[in-house]
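Visitor: I have just opened this one and would like a guided tour. Could you put it on screen for us both?

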Amino acid sequence: MSSSPRPRSASDLILIAILVVTMGALIIGALATGFMDGMFPPEAVTRQGREIRSLYDIVFWIAAVIFVFVEVLIVYSVLRYRRKPGQDELPVQTHGHNVLEVIWTVVPTVIVAYLFVISLQTLNSIDAVAKSPDIHIRAVAQQFRWQFDYLAEDGVTTLFTEDVATSDQGGGMHVPVGANVQLQLTSPDVIHAFYVPKFLFKRDVVPGITNRFDFTIDPAEAGQTFRGQCAELCGTGHRVMLLDVVAMTPADYEAWKAAKIEQAGATPAPSASAGPVAVTLEETAAGIKFTTKSLEVTADQAFAIDFKNEDPASVPHDVDIRAADGSVLADQPTIDGGTATTYTYAALPAGTYTFICSVHPFPDMTGTLTVK
Amino acid sequence: MTADSHALTTAEHSPIAGLAHDARGGISNPILGMLLFITSEVMFFAGLFGAYFSARAQNTPWPPEEFAHTLNPLSLILVATVILVLSSVTCQMAVNAIRRDDRAGFLRNMSVTVILGIAFLLMQAYDYLLLADEGLTLNAGSFGTTYYTLTGFHGAHVFGGVLMLSVILYRGMAGQFSSRHHDAVEAASLYWHFVDVVWIVLFSVLYLL
Amino acid sequence: MATTTLHPAAATYKSGLYEWLTTTDHKKIGIMYVVNSFIFFFIGGLLALGVRAELAQPGLQFLTDEHLYNQVFTMHATVMIFLFIIPMLAGFGNYIVPLQIGAPDMAFPRINAMSLWMLPLAGVILLSGFLLGGTAAAGWTSYPPLSEDRILASTGPGQDLWITALILIGTSSILGSINFLVTIFKMRAPGMTLFRMPIMVWTVLVTSVLVMMATPVITSALIMLFIDRNLGGHFFDPSTGGNAVLYQNVFWFYSHPAVYVMVLPAMGMISEILPTFSRKPLFGYKAFVFATAGIGALGFSVWAHHMFTTGAVFLPFFSLMTFLIAVPTGVKMFNWIFTLVRGQLTFSTPLLFALGFLSMFLIGGINGAFSASVPVDYALHDTYWVVAHLHYVLFGGSAFGVFAGLYYWFPKMTGRMLDETLGKIQFVLMFIGFNLTFFPMHVLGLQGMPRRIADYASGAGWNDLNLAATVGGFLIAASMLPFLWNVFVSLRSGKIAGDDPWEGNTLEWATSSPPPPYNFDRLPEIRSERPVFDQRHGHGAGGHK
Ligand code: HEA
Ligand code: HEA
Ligand code: CUA
Ligand SMILES: [Cu+2]
């Protein structure tokens, strides 16, 4: 068991060389690429998220110490106890060591017990739901879009609905910073999950169950927009179930909210500039697909589309129009499956546009609108 | 060693199989195998019962109004239950008979067991028709779905048991069993008792609880 | 000494195809299990390369249809788990367990053959969806209501094929596990007491208990799903009075124990290899046995850690149990390491892969323990962090273990050695490729990249890491080429192995390579867990305390 210096065989040297080079490359690579930053989640923007982040940091550092300790033990044993040429005697046949066994049972037990306790404390804090939060929002997740119902203080009555979920289309879940927002999650179809990476948080949206959670965005974040997306596989359009959370100052929020309520109260006027309809096209959606994939109209003339939704009642569709750069030129209300409507559109200059179902914005529900 | 490597030789013919393995005593391989198989079957039914109790906890009242009196324990199903319990008794009598080397008694009791098993299946099928008349079908909400899944899978196991016992009966008629060689009989009877016990639990849970 | 002196037994294995197809010999069945599993490994791997090709860059380039993407990763995981790793380990168990306990065969040889042949059948059924209008596409977990297809009737028959295939595979596993248990309990050679059984046998024993108790439960879940889908049942669809979370409970009640089914036998293999190549007994044999049993027992009480974010499970209990499972696993880890300590290590390919297992499973285990902390799991769940975790334990652990075992027992199975140089090339390529593929996924997960998405925004900042992962994936694939070449040339002209090329400890090394039908002419005396070591060096040699 003693370690007298001994000649090293060539293959041993090669092995060590490989190890050293790999380790070196790893370390250099790690430093060069900001590796350590990568091992942490982003700075959280909610009170709850910050608590999770502090917990994560503790878990991470404990894990890192365990990892380095054990990995070094492995590499050390490997390098140290290579069989040397001429070592024909058997090494000492150790069958075990009771003290060691007890140590490496007890120490990890203590560590995980500690981790469990601090996790539980954090859990109790972040999972607490207020009886009367400042703001009630109901997020409805369905294949494949989000809709946010802003509720009155009773947490039931809908004041108004924001049915555009991302900010590049002018929507998003607007919330004031510093307020305790309570989100109720419901789904009419399959399971989805509300996930905003910067909240360090997600919660499943399970049909048949209403999940709730509270969050409070830090005051410093006013003006920021946080990207989120559905995190539970929910079908073909899973990855397009994007959402944004728009953090506003309380004042901005009140203004936004007032405007929304007013808008909801007003009769939804069709786009004022629609003008007299020159031509009516037809389109049908069935099986989450447009049956006609290309439409043609004359330039500078208002037009209409007779739209039939032949999907089951719970599957809404619409026919929006987007410019080549993705900006929304016409945003129509959705209709439920089994119904039909006539959408009218304002005149468009000549060019090529995309018509698309905003609920299912993927290839099967996208078509080309040529305006000549 | 003269082991031929023919495809279908079993371990029993191997030169060293006779050594200590069987001298070890205790239960034989087929019986241990059957006990383990029954354990896994218990877990299978545990899964179905789990679903049942979950559905039951979630849907009140249970049974739903329209089926409040559909599952009447004092009906044909009680007769079927008695028949199945009886068949377990006759099955055990058959096992006891073969242990005594009483082949005639074995065949007699085993035949009765198979007939009782078939009778149970027929009654269950008839009962299904009656229930369907009252509107209790597989599609009738959680109540119907769990009812038919549980009893249906039990029925499938009874069917499997009847097949197993029929094979035993057939082999018995061919004179394959004796007081020293009847592991297959013991194993099949264990399975049959298991099927019986599952039914008693099912009956209690579905009809009485 | 008691080593058998048979004619070059390789001749036994030149027998005809018919012989192989109808055999009930556990060794041939074991080898066919292994070959079959490798075929599915390559199929599953090619599907993974499809996934990686799509994700290499933002935008839909390769699997342009998201529905196809969903099918591909669903099939990737289903094939890898149910047709590669589980049967692969069962195959090694089949080959090795009877040899290691000195038995002539498995207890029920014909049932054994049946278990084997159900697997390729299930594989064909599963994958036939690609030709029949679509495979299952709801992930390997296939949560309803999505998998019920009520609304988006888009998967055609694929989901039913998936259910059918899984029930078949499950039945095969259950029969196999009963076979193992009876074999282990009833067919041990004289002197082979329970606490002299090789650790490999212990792990197969515990695995078999897990399979026997857990697999029937998923069978019940699959049957309920089938009834819902095809017979108008109401188990899981809330819109008809069902309960969506119920399925998850039942599914994970199986699938968490199943992850130990996917790793324990690999741990058993490592526990044979490390002692052999360090010329020492396994450190803490009994502790290791109890830790294995402990993992098995705890494994049944942690399932809901996959469901922390559902808001429908009792979090503290499952969190605590999940944390606790790190303890017995840690015991094993330290026992392995202290087997190396003060040993005399020979760096043959099996040892390299075994060390790969140690160092990579460590990462996978620790990053799994992160998720035991519920709040942390709120951040990590369903992101690429979990994808990283699962590949570090399943590929870095189990698959490295499988290759270690293959290099170790190939000489026994075929009578010839695999080439060491090619083996080391494979190891290095695979080790680097593996880390390049899966390490970046930790970072992607932390940055918020959800799993199971066919595409991501180019501005999300995930481009480079995804590209790295794709390059890594192809590097892993490249590492398979020296491996295949190695098997090919070694089968024809590899070095003749002899009975005991590695100076092994356990009984399989006391018979010829490959062993004769019924395995042994004569058995060495069994007085410890290392009968062949005792035979070579004398019982209690080398300072045995
Ligand atoms: C071989 C398969 C395998 C194995 C062995 C494990 C082992 C473990 N797994 Fe893993 N797991 C999977 C396969 C596996 N897992 C798969 C496939 C999924 C994803 C399923 C899906 O959704 O598709 C998953 C997902 C998964 C989740 C859900 C994540 C999520 O979706 O949010 C969790 C949560 O707790 C988890 C935890 C663990 C833990 C704690 C262990 C422990 O057993 C690990 C214990 C080991 C160690 C910790 C290392 C050694 C120990 C020491 C050195 C001692 C000191 C250590 C400490 C004190 C921490 N796993
Ligand atoms: C044992 C299990 C196992 C193994 C070995 C692997 C291996 C690999 N996995 Fe797998 N994976 C899973 C189990 C496994 N995976 C599971 C359970 C999931 C979750 C799925 C879900 O969400 O439902 C998953 C998901 C998953 C994802 C996430 C998909 C998503 O969420 O969208 C990704 C992405 O990169 C991935 C990649 C890979 C890669 C690159 C490999 C590589 O290691 C593969 C290496 C490549 C090869 C081995 C190919 C070799 C072939 C050749 C060289 C050709 C030779 C051919 C002939 C001779 C004919 N896997
Ligand atoms: Cu909704 Cu994914
Ligand atoms: Cu798990």
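Guide: Let us start at ligand 1, where one of its oxygen atoms is 2.7 Å from a polar side-chain atom of C:His381; a polar contact here is a pair of N or O atoms within 3.5 Å, and within protein one must be able to donate a hydrogen and the other to accept it, while residues adjacent in sequence count only if both atoms are side-chain atoms. This is a predicted model, in which local features need pLDDT of at least 70 and side-chain atom pairs count only at pLDDT 80 or more, whereas totals for chains, interfaces and linings use all residues. Residues are numbered from 1 along each chain as its sequence is written, chains are lettered from A and ligands numbered from 1 in the order in which they are written, and side-chain values use heavy atoms, with hydrogens and water left out.

Visitor: Which elements give two or more residues to the shell around ligand 1?

Guide: They are H7, helix H11 (326–340), helix H12 (349–372) and helix H14 (384–414), which belong to chain C, and H12(C) gives the most, with eight residues. Helices are DSSP runs of H or I with at least four residues, strands are runs of E with at least two, and both are numbered from the N terminus.

Visitor: Where does ligand 1 lie, and which residues come nearest?

Guide: Ligand 1 lies between chains A and C, and of the 30 residues around it, C:Tyr260, C:Asp377, C:His381, C:His389 and C:Arg451 come nearest, where a residue counts as near if one of its heavy atoms lies within 4 Å. The side chain of C:Tyr260 has an N or O atom 2.7 Å from an oxygen atom of ligand 1, and C:His389 has a polar side-chain atom 2.9 Å from a nitrogen atom of ligand 1.

Visitor: What about the copper ion, which protein donors does it have?

Guide: The copper ion (ligand 4) has C:His256 (ND1), C:His305 (NE2) and C:His306 (NE2) as protein donors, lying 1.9 to 2.1 Å from it. Donors are N, O and S atoms within 2.8 Å of the metal, or 3.2 Å for Na, K and Ca, and sites may look incomplete because water is not among the atoms. The copper ion and the iron atom of ligand 1 are 4.4 Å apart.

Visitor: Where in chain C do C:His256 and C:His305 lie?

Guide: C:His256 lies in helix H7 (residues 244–261) and C:His305 in the loop between helix H9 (285–298) and helix H10 (315–324), so the pair ties together parts that are 49 residues apart in sequence.

Visitor: Are those two buried or exposed?

Guide: Both C:His256 and C:His305 are buried, a term for under 20% relative accessible area, with exposed meaning over 50% and partly exposed in between, using a 1.4 Å probe and protein chains only.

Visitor: Changing topic, which residues come nearest to ligand 2?

Guide: Of the 31 residues around ligand 2, C:Arg52, C:Tyr69, C:His76, C:His391 and C:Arg452 come nearest. An N or O atom in the side chain of C:Tyr69 is 2.5 Å from an oxygen atom of ligand 2, while the side chain of C:His391 has one 2.7 Å from a nitrogen atom of ligand 2. H2(C) gives the most to this shell, with seven residues.

Visitor: And which chains share the most contacts?

Guide: Of the two pairs of chains in contact, chains A and C share the most, contact meaning heavy atoms within 4.5 Å.
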